[in-house]
Amino acid sequence: HGGEDCFGPAQETQTCGNRECPVDGQWAEWYSSGRCSRTCGTGRESFVRICWPQPKYGGKPCGGPDQEFRDCRIRNCSVDGVWNNWSGWSACSSPKCLQGTVRSESMRNRSCIGPFYGGKPCSGQDMQSKTCSEAPCPVDGGFSIWSNWTPCTVTCGGGTTQRVRRCDNPFPDHGGQNCTGDWMEDQKCNSMACPIDGNWGAWGEWSMCSKSCGTGKH
């Protein structure tokens, strides 16, 4: 019928209740203590976290630990070399003459494991030998120098002279070989003809007498 609309809000609100809503605790990020339990190799490092925001108004607390440990490694520890076990002895070698002695040897070896990361190398020998057999080396004989030539067997007409040498430089020893070659040499000497002195033959028959009577000659 032409009346005016209502003036003012059609709805009103007002605060009710007088307590805060519960706030559950929340873990913050883990953070490191920054210290490893060992200066080399694998150690343990502490990590912690805080519960923030903390629980309020009956909220639930943070669940789980606030500290944990994790593996850490600053650097690798130096590892010194360590000898492996010796191998077995080898079969005896073929005999060889060294420094006057015939030797047959057996060998064994070992290997060094490492070193690593700046460690010290193994100290000592990586190979050993032992004697299987030992004997003096064979010594082959050698000729000494030739002797002087002997006097000629004749003074003229062709003779011979000799010279000799000995197998004593050195003597053969310990199964060594004897000298090979001539021990004696001959050569001709004084081959010129010998001088021949004159010599009277036998007297001939007497000639006829120079006179038929008286004293003559024949």
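## A buried glutamate in strand 2

E45 sits in strand 2, which spans residues 42–48. The model is predicted. E45 is buried, yet no salt bridge is found for this residue. The nearest side chain of opposite charge is R70, 7.7 Å away. A salt bridge needs a side-chain nitrogen of Lys or Arg within 4 Å of a carboxyl oxygen of Asp or Glu.

What does E45 touch, leaving aside its neighbours within four places in sequence? One group of contacts is S32, S33, G34 and R35. The others are E68, F69, R70 and C72. Strand 1 covers 31–36 and strand 3 covers 67–73.

## Disulfides: the count and the C40 link

How many disulfides does a search of the whole structure find? The search gives 9. Three of them are described here, beginning with C40 and C77.

C40 is joined to C77, with an S to S distance of 2.0 Å. The link is right-handed, with 95° about the S-S bond. C40 lies in the loop between strand 1 and strand 2, and C77 in the loop between strand 3 and strand 4 (82–83), so the disulfide ties together parts that are 37 residues apart in sequence. C40 has 15% relative accessibility, so C40 counts as buried; the cut-off is under 20%.

## The C112 link

C112 and C122 also form a disulfide, with their sulfur atoms 2.0 Å apart. This link is right-handed, at 80° about the S-S bond. Why does the pair tie together parts that are 10 residues apart in sequence? Because C112 lies in strand 7 (residues 112–113), while C122 lies in the loop between strand 7 and strand 8 (127–136).

The two cysteines fall into separate accessibility classes. C112 is partly exposed, at a relative accessible area of 30%. C122 is buried, at 17% relative accessibility.

## The C156 link

C156 is joined to C194, with 1.7 Å from S to S. The torsion about the S-S bond is about 105°, so this disulfide is right-handed. C156 lies in the loop between strand 8 and strand 9 (159–164). C194 lies in the segment after strand 10 (184–189). The pair therefore ties together parts that are 38 residues apart in sequence.

Accessibility again splits the pair. C156 has a relative accessible area of 17% and is buried. C194 is partly exposed, at 34% relative accessibility.

## Two exposed cysteines

Are C6 and C21 buried or exposed? C6 counts as exposed, because its relative accessibility is 80%. C21 also counts as exposed, at 60% relative accessibility. The cut-off for exposed is over 50%.

## An open sheet

Strands 5, 6 and 8 form an open sheet of 3 strands. Their order is 5-6-8, and the pairing is antiparallel. Which strands are at the edges? They are strand 5 (96–98) and strand 8, each pairing on one side only. From one strand to the next, the twist averages 45°.

Strand 5 pairs with strand 6 (residues 101–109) in the antiparallel sense, over 3 bridges. L98 has T101 of strand 6 as its bridge partner. Q99 is found in the loop between these two strands, strand 5 and strand 6.

## Backbone exceptions

Most residues other than glycine have a negative phi, and most peptide bonds are trans. Some sites in this model depart from that pattern. Q99 has a positive phi, near 55°. The residue is exposed, with a relative accessible area of 84%. Y117 likewise has a positive phi near 55°. Y117 is exposed too, at a relative accessible area of 55%, and lies in the loop between strand 7 and strand 8.

Where are the cis peptide bonds described here? One runs from W52 to P53, with omega near 0°. P53 is in the loop between strand 2 and strand 3. Another runs from G114 to P115, again with omega near 0°. P115 is in the loop between strand 7 and strand 8. That loop also holds Y117 and the disulfide cysteine C122.

Note on methods. Residues numbered from 1 in each chain as written. Predicted model: local features only at pLDDT ≥ 70, side-chain atom pairs only at ≥ 80, totals over all residues. Heavy atoms only, no water. Helix = DSSP H or I, 4+ residues; strand = E, 2+ residues; numbered from the N terminus. Buried < 20%, exposed > 50% of the residue type's maximum accessible area, 1.4 Å probe, protein only. Lys, Arg positive; Asp, Glu negative; His and termini not counted. Contact = heavy atoms within 4.5 Å. Disulfide = S-S within 2.5 Å. Pairing = 2+ DSSP bridges. Axes fitted to C-alpha atoms, helices over the stretch in contact; angles between N-to-C directions.
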